[in-house]
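Here are some notes on the model, set out as numbered points. They cover charged pairs, the nonpolar interior, aromatic rings and one part of the surface.

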Amino acid sequence: MRKFKAYAIPFVGLKEGQHRFDFKIDNAFFDLFDFQEFNSSDVDVDLEFTKKANMLELEFDFSGYVNVNCDVTLEPYDQEIDNHLSLVVKFGDEYNDDNEELLILPHGEHEVGVQQYIYEGIVLGLPAKRIHPGVEDGTIQSDILEKLEELKPKLNQKEDKEEDIDPRWDKLKELLNE
């Protein structure tokens, strides 16, 4: 768990009120989670940490990009990240993180680890289907798209087949009509 030491915020020595923490996230952060889906990443995390007498409030703001592969063309592109996450930390008898917006730490804890919330804020800030902007506006040049266009069925093939019908079948069709 020491690999996440940079993402542990000791709140025991902090005065009550607002505090700011900034994190610069790159692929080294995701390597700590063994997460390999991003080609590269550059995300700024601004954390507004408010300490109150009996609880802590954390407001995460995520901005930046991650370079991912398009789900349609497999071409890499930069997907923008713009996300917000709120978390309330209270104190109780035992650790409980069942609620995504509420974290309960046992009495006597002196720091809160924010690495999991940073990870989730970035990964969940991505769209479910990642589509290169060039696919939507038709400007992308891709070998895969060219091959798909080449293999696309032609609409005029049916008309061509009707013209190529053997004339002997026409004679048989006349027998059916009698």
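How many salt bridges does the count come to?

1. The model is a predicted one. By the rule used here, the count of salt bridges is six. Three of the pairs are taken up in the next points, with the exposure of each partner.

2. K24 pairs with D42, and the closest N and O atoms are 2.9 Å apart. K24 belongs to strand β2 and D42 to strand β3, so this salt bridge ties together parts that lie 18 residues apart in sequence. K24 is exposed, at 54% relative accessible area, while D42 is partly exposed at 29%. The two residues are also part of a network of salt bridges that links K24, D42 and D44.

3. R130 forms a salt bridge with E37, with 3.0 Å between the closest N and O atoms. Here both partners sit in loops: R130 in the one between α2 and α3 (133-137), E37 in the one between α1 and β3. The pair therefore ties together parts that are 93 residues apart in sequence. Is R130 buried or exposed? R130 counts as buried because its relative accessible area is 14% and the cut-off for buried is under 20%. Its partner E37 is partly exposed, with 43% relative accessibility.

4. E57 and K52 make another salt bridge, in which the closest N and O atoms are 3.1 Å apart. E57 is partly exposed at 24% relative accessibility, and K52 is partly exposed at 33%.

5. Turning to the interior, the largest nonpolar core contains 34 residues. Those with the most contacts inside it are F23, I25, L58, F60, V114, I118 and I122. Two or more residues each come from β2 (17-25), α1 (27-32), β3 (40-51), β4 (55-69), β5 (76-92), β6 (102-106) and α2 (115-123). Strand β4 gives the largest share, six residues.

6. Which residues does L58 touch, leaving aside its neighbours within four places in sequence? L58 is in contact with L47, E48 and F49, with L85, S86, L87 and V89, and with V114. V114 is, like L58, among the residues with the most contacts inside the core.

7. The aromatic residues deserve a separate point. The count of aromatic pairs comes to 15. In one of them, F60 and F62, the ring centres are 6.1 Å apart and the planes stand at 10 degrees, so the pair is stacked. The cut-off for stacked is an angle under 30 degrees. Both F60 and F62 are buried, and F60 is among the core residues with the most contacts.

8. One aromatic cluster is formed by F4, Y7, F23, F29, F30, F33, F35, F38 and Y119. Of these, F23 is also named among the residues with the most contacts in the largest nonpolar core.

9. On the surface, I165, W169, L172 and L175 form a nonpolar patch. Together they have about 420 Å² of accessible area. L172 is found in helix α6, which covers residues 167-177. With 45% relative accessibility, L172 counts as partly exposed.

Conventions: Residues numbered from 1 in each chain as written. Predicted model: local features only at pLDDT ≥ 70, side-chain atom pairs only at ≥ 80, totals over all residues. Heavy atoms only, no water. Patch = residues over 30% accessible without salt bridge, like charges linked within 9 Å, V, L, I, M, F, W, Y side chains within 5 Å. Areas by Shrake-Rupley, 256 points an atom, 1.4 Å probe, with all protein chains shown as cover. Salt bridge = Lys/Arg side-chain N within 4 Å of Asp/Glu carboxyl O. Helix = DSSP H or I, 4+ residues; strand = E, 2+ residues; numbered from the N terminus. Buried < 20%, exposed > 50% of the residue type's maximum accessible area, 1.4 Å probe, protein only. Core = buried A, V, L, I, M, F, W, Y, C linked by side-chain atoms within 4.5 Å. Contact = heavy atoms within 4.5 Å. Phe/Tyr/Trp six-rings, centres within 6.5 Å; stacked < 30°, edge-to-face > 60°.
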